[in-house]
Amino acid sequence: MSPVPPGWVARAFPSGALCVPRALADRVSTGWFDPHQPGAQAVTQGGRQAAWFVDGDHGPAVLRQYRRGGLLAWLRRDTYCWLGAARVRAWAEVRVLAHLQAARVAVPQPLAAAYWRTGFSYRNAILVGRIFGATPLAQLLDRASPLSVANAIRAMHDAGVWHADLNAYNILLDPDDTVWLIDFDRATIGHVSSRQRHNNLQRLRRSLLKVAGPQGAAWAGQLEACY
């Protein structure tokens, strides 16, 4: 398996490597992944305090550094075991995003990914296009269409992608009510079984119940009926 999507190229630098679409290969630099670059603004929702709005030759984008959640975060907050470039989480995510874009599923534009290796561990980051005016589903249950969200999730599944953390904050609506799916860390490409589809919907149901109580549960029921 190629570690980068079709039409992408890899570029090594002293401490690691980056990958980028061929159209951006003559402009990319490691500075794209610097959260302290001029104009960078921290994303206040999600991202585990490791996401920033940035702009540059790549256009308006979101820079996200990979950080662990849960108990492991206390031990190794931003480092992962090195298993080869193809297993780098940021590179795997751009492969999923490129695959979904080819299937015409509404996901952020993948722009670049990079890793920094130290011995048997590495850190990594991803850069994706910014979706202006987007709001999480968790805040829009009074406006969002269960049918539109169900169609977006089904399109993802039909494209052969299973989402590892489908929750009410990883589904966005833009000002035109287009449904966008985000955060494909640990997602997989392949046949999505009926059980996996059900589990994704149940994960979303639990998230909606947590953020909106009975209203969230009722909304989830409508979505499941539409799916």
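Strands, as the term is used here, are DSSP runs of E at least two residues long, and helices are runs of H or I of at least four, with both kinds numbered from the N terminus. With that naming in hand, D183 can be placed in the loop between β12 and β13. The model is predicted, and the description below moves from this loop to the sheet beside it, then to the strands around β8, and finally to a pocket.

The loop between β12 and β13 is a friendly place to start. D183 has a positive phi of about 60° although it is not a glycine. At a relative accessibility of 27%, D183 is classed as partly exposed, because that class covers the range between the 20% limit for buried and the 50% limit for exposed. R186 is found in the loop between β12 and β13 as well. Its phi, near 70°, is again positive in a residue other than glycine.

On the N-terminal side of this loop, β12 takes part in an open sheet of three strands, arranged in the order β9-β11-β12 with antiparallel pairing. The edges are formed by β9 (135–136) and β12 (179–181), each of which pairs on one side only. A helix also belongs to this picture: α2, residues 146–158, packs on the sheet and touches both β11 and β12. The direction of α2 makes about 40° with that of β12. Between β11 (residues 171–173) and β12, which run antiparallel, there are three bridges. One position along this pairing is L173, which stands opposite V179 in β12.

Attention now turns to strand β8, which spans residues 121–129. Seven of its nine residues are buried, so β8 is largely enclosed by the rest of the structure. Several strands pair with β8. Strand β5 (residues 61–65) does so in the antiparallel sense over five bridges, and within β8 the bridge partner of A61 is G129. The pairing of β6 with β8 is antiparallel too, over two bridges; here C81 has S121 of β8 as its bridge partner.

Strand β7 (residues 110–118) pairs with β8 over eight bridges, once more in the antiparallel sense. Which residue of β8 is the bridge partner of A112? It is L127. For T118, the bridge partner in β8 is S121, the residue that also serves C81 as a partner. Two residues lie between β7 and β8, which form a hairpin, and in the turn G119 has a positive phi of about 60°.

Like β8, strand β7 is well covered by its surroundings: seven of its nine residues are buried. Strand β7 also pairs with β2 (residues 16–21), to which it is joined by four bridges in an antiparallel arrangement. In that pairing, A17 has Y115 of β7 as its bridge partner. In a regular strand, side chains alternate between the two faces of the sheet.

The stretch leading into β7 offers a further point of interest. A103 has its place in the loop between α1 and β7. With a relative accessible area of 40%, A103 is partly exposed, because this value falls between the limits of 20% and 50%. The C-alpha atom of A103 is separated by 6.3 Å from that of A159, although the two residues are 56 apart along the chain.

Several of the elements met so far come together at the second largest pocket, whose volume is about 380 Å³. Its lining consists of 18 residues, and those that lie nearest the centre are R87, V88, R89, A92 and R186. R186 is thus both a residue of the loop between β12 and β13 and one of the residues nearest the centre of this pocket. At least two lining residues each are supplied by β6 (80–81), α1 (89–102) and β13 (188–189). Which element gives the largest share of the lining? That element is α1, with five residues. By residue class, the lining divides into 11 nonpolar, six charged and one polar.

Definitions and conventions. Residues are numbered from 1 along each chain as its sequence is written. This is a predicted model: local features need pLDDT of at least 70, side-chain atom pairs count only at pLDDT 80 or more; totals for chains, interfaces and linings use all residues. Side-chain values use heavy atoms; hydrogens and water are left out. On a 1 Å grid over the protein atoms alone, a cavity is a set of points where a 1.4 Å probe fits but cannot get out, and a pocket is an open set with protein on both sides within 12 Å along at least five of seven lines; lining residues have an atom within 4 Å of a point. Grid points are joined across faces, edges and corners, and a volume is the space filled by probe spheres set on the points. Ala, Val, Leu, Ile, Met, Phe, Trp, Tyr, Cys and Pro count as nonpolar, Asp, Glu, Lys and Arg as charged, and the others, Gly among them, as polar. Two strands pair if DSSP finds at least two bridges between them. Contact means heavy atoms within 4.5 Å. Axes are lines fitted to C-alpha atoms, for helices over the stretch in contact, and angles run from 0 to 180 degrees between N-to-C directions. Buried means under 20% relative accessible area, exposed over 50%, partly exposed in between (1.4 Å probe, protein chains only).
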